[in-house]
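These are my notebook entries on a structure I opened today, kept in the order in which I looked things up.

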Amino acid sequence: MTASSPLISAKGVIKRFGPKTALDGISLDIAPGEFFGLLGPNGAGKSTFMSLVAGLRGLDGGTLTVAGEGVAAGSASARQSLGLVPQHIALYPDLSAELNLRIFGELYGLRGSVLGERLDRVLEAVQLADRRKDLVKTFSGGMQRRLNLAAALLHQPKILLCDEPTVGVDPQSRNAIFDFLKKLNRDGMTVIYSTHYMEEATRLCSRIGIIDHGKILALGSIDDLLARLPFEEEIRFPASAETASLASELPSFGDVATVEGVHQFRPRPGYALSAFYSLTERHGLPPRLFTSQRPTLEALFLQLTGRTLRE
Amino acid sequence: MNPILVLVRKDFALLLKDRVSIMLTFVVPFSLIYLFGQIFHVNSPDPGPSGIHVGVVNQSDNPAAAALVDALKAEKAFRVVTQYVAADKSTRPLAEGDLRPLMRADEFRFALVIPKDIIRSDGIGIHLKTYSNPRNEIEAQTVNGLLQKTLFSNVPELLGQSLEARARAAVGSEHLERFNSAVASAAAREFGGDPNRIKADMSAGNFGFRRIGESGAGKATPASDALSNIVKIDNVQVAGTDVKSPAATMLVGGWAVQFLLFALTASATALFREKESGLFQRILSAPVTRGDILWSKFIYGTCLGLIQLTVLFMAGHVIYGIEIGRQFPYLILVCVFAAAACTSFGMLIAAVSPTRESASGLSTFAILLMSAVGGAWFPVSFMPEFIQRISRLTLVFWSMEGFSQVLWAHATLIELLPTLGWLTLITVLIMSVSVWRFSRGRIFE
């Protein structure tokens, strides 16, 4: 593998479960040091792709290499270079935090003082050093998530696979996990992060693949992806009886989606915002009802699939 | 609808969706009821055990002895073994010297020797010798009772025949005929009856002794006491004579295996917990194979089983005085093989079950059934013969056999080898199926 060659390379990867095709010809490259996001709704194929990279399942078609080595063979060196943070809290709740980490460290061949030093370091990094002797079941959800992350780092992998690692986490712990992941990435670790939260992908990832029904629909940096949208601003206003007549008129000028009680209007190319505000005046609606913002990946997903990420 | 009825309907709807609960509610009790019915011969016109192997050595040339062997063969409860089958399949009549080795090899646990001097020379009566290995108290009492019943039903007639034969030999047929005619005429004259009938009965050896047996066979009555004075039976116990706590020693094996099965099956089904919590994902993403996980479970289960059994036998030693000291190395050996077999059974349950709940239901069903069939609850010899054959395919049977050999019969390593071989075979077969099922199943996905 040369310096410019990808750390992970997928070419036409296919994975089937019975009659269902979970991954349908996925092709993508991930460079060393990237923070790569895999964004898609539940059931899109994110976890399946992660499990293939981790060598947990075999491929039904295509090729997948990690550091130039095929993962299907499940070689020890390929596994040593990977750390997996599963979607579930994959820890033994009746054992202490330290014993949990010791078990997973030893599975990677760490022993003695090296293991001890690594344990100290990761527990410090996830701010659980003072709780190391406590049973995992006594931890809060956020603490368990942090320990779940720490368990994947003991063997100092080159690549960290995070499969929706913040599900059910409070905002404070989520921020702590984000900061920690960013630091790891800054220190040179390649991170692959799967999520169905558009905000997480936007906040963390330098490059994102949008996946749905086992296919990559779009791939690139945030700016690249958003540049695909035919509008620069998205206008939001509450979905109410007051705005109903305006909302019914807007499809002539662009796309309108309604998500959680909010209309999202994406004007067609060439449609001037001044024309929109004239229209609101005609309907007698006050300007305070309307906010204009840069479009998000949610809008892109909607445009690509006709569905929202939460559907 | 009344809320109570709505909630009741909901519970029935949930029950119908839960195959495990349905199995535990209906299939398990039905299977056990059927098995118990078979064991206790419920509704059978011919109750009682059948096919219990009994070795019979006939050293006498007295026709009465041959008649006794025939009477034993006619008894449904017994399968009489009179031939010794050598390694080259050649046969010869069973000899008394064959009994101990055959009984230690568990070919049969009871034997009757009809000695050359079946007719006692020191008085009127019959002399017999029994060999027994009473490693199961219920079985021993039942077989002894049945043996006595058969003997006491036939001995009186035999006794009369033997008296008649001896008299004929002593005084000659002509004198005996005259003597019988005179006695028959005198009896008819004094007590009534047909003198020809009385004479015919006397010639057939029917002196009315049978009525003694009928009035009290197998019971501690004056009549049976009288009969037992006539029939002298010497008993030789071939195993367990120096066992200090026979009752506890007989029981401990069956209970130990049952607890072992429950513990190790629960341990194996913990695989589902690890699957559900995503731990297998984490473990398998490390340089660890599925085989590593399975064999780690097998080794763990075997060690756990060994520890459990050792603690159990130690407790038996402290509480009930079960002797384990002399045989301790062999006991540990049997424990290891039994624990390995039970662990493989637990792995099989986990391998064939789609969920933890179904594994739990299936294991309860299988353990209860296997314990009953394997002889942990009742002597195997009480069961119908087709169940006895199935019994020998269960790990419960061979584990109990091993414990009995060590603790009851103080078997040597050589004697233990066949039992250990069977346990190994069962372990290998079950583990092969388990590994095959695990490789095709989705527990690791």
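Before counting anything I fixed the terms: helices (H or I, at least four residues) and strands (E, at least two) are taken as DSSP runs and numbered from the N terminus. I also note at the outset that this is a predicted model.

**Entry 1: chain B, overall.** With those terms in hand, I find that the secondary structure of chain B comes to 17 helices and seven strands. I then looked up burial, and of the 445 residues in chain B, 35% are buried. Turning to the contacts in chain B between residues at least 6 apart in sequence, I see that 74% of them join residues at least 24 apart.

**Entry 2: the sheet of chain B.** In what order do the strands of the open five-stranded sheet of chain B run? I read the order as β2-β1-β5-β6-β7, with mixed pairing. The edges are formed by β2 (78–81) and β7 (231–237) of chain B, each of which pairs on one side only, and from one strand to the next the twist averages 25°.

I went on to the pair β1 and β2. Strand β1 (residues 52–58) of chain B runs parallel to β2(B) and is joined to that strand by four bridges. Within this pairing B:His53 stands opposite B:Arg79, while B:Gly55 has B:Val81 as its bridge partner in β2(B). I also checked how β1(B) is placed: five of its seven residues are buried, so this strand is largely enclosed by the rest of the structure.

Two helices of chain B came up next. Helix α3 (residues 63–74) of chain B packs on the sheet and touches β1, β2 and β5 (110–114) of chain B, with a direction that makes about 175° with that of β1(B). Helix α4 (residues 96–104) of chain B lies across β1, β5 and β6 (126–132) of chain B, and runs at about 160° to β1(B).

**Entry 3: the domains of chain B.** The assignment I used divides chain B into domain 1 (52–237) and domain 2 (246–440). How many residues does each domain of chain B put into the contact? I find seven residues from domain 1 of chain B and eight residues from domain 2 of chain B. On the domain 1 side of this contact, helix α5 (residues 137–171) of chain B provides the largest share, three residues. Sorting that side of domain 1 by class, I get two nonpolar, one polar and four charged residues.

**Entry 4: chain A, sheet and helix.** Chain A has an open sheet of six strands in the order β6-β7-β8-β3-β9-β10, again with mixed pairing. Its edge strands are β6 (82–85) and β10 (215–220) of chain A, each pairing on one side only, and neighbouring strands are turned by 15° against each other on average, direction ignored. Looking at one pair, I note that strand β3 (residues 35–39) and strand β9 (residues 207–212) of chain A pair in the parallel sense over four bridges, and that A:Leu39 stands opposite A:Ile210 in β9(A). Helix α6 (residues 171–186) of chain A lies across β3, β7 (159–163) and β8 (190–195) of chain A, and its course is at about 145° to β8(A).

**Entry 5: the domains of chain A and helix α10.** Chain A is divided into domain 1 (8–226) and domain 2 (230–294), and I read 39 Å between the centres of these two domains of chain A, taken over C-alpha atoms. Is helix α10 (residues 273–282) of chain A enclosed or in the open? Of its 10 residues the number buried is zero, so helix α10 of chain A lies largely in the open. Just after α10(A), A:Gly284 takes a positive phi of about 70°.

**Entry 6: the cores.** The largest nonpolar core has 79 residues, and those touching the most other members are A:Val53, A:Leu147, A:Ala150, A:Leu161, A:Val191 and A:Ile192. Helix α11 (residues 297–305) of chain A gives the most to this core, with five residues. I followed A:Val53 further: leaving aside residues up to four places away in sequence, A:Val53 touches A:Ile8, A:Leu64, A:Val66, A:Val71, A:Leu161 and A:Ile192. Another core lies apart from that one, with 59 residues, among them B:Ala339, B:Met400, B:Phe403 and B:Val406.

**Entry 7: where the chains meet.** Last, I looked up the contact between the chains, in which 12 residues of chain B touch 17 residues of chain A. The chain B side of this contact divides into six nonpolar, four polar and two charged residues.

Notes. Residues numbered from 1 in each chain as written. Chains lettered and ligands numbered in written order. Predicted model: local features only at pLDDT ≥ 70, side-chain atom pairs only at ≥ 80, totals over all residues. Pairing = 2+ DSSP bridges. Axes fitted to C-alpha atoms, helices over the stretch in contact; angles between N-to-C directions. Nonpolar A, V, L, I, M, F, W, Y, C, P; charged D, E, K, R; others polar. Buried ≥ 20, exposed ≤ 12 C-beta atoms within 10 Å, placed from the backbone. Domains from an automatic or database assignment. Core = buried A, V, L, I, M, F, W, Y, C linked by C-beta atoms within 7 Å.
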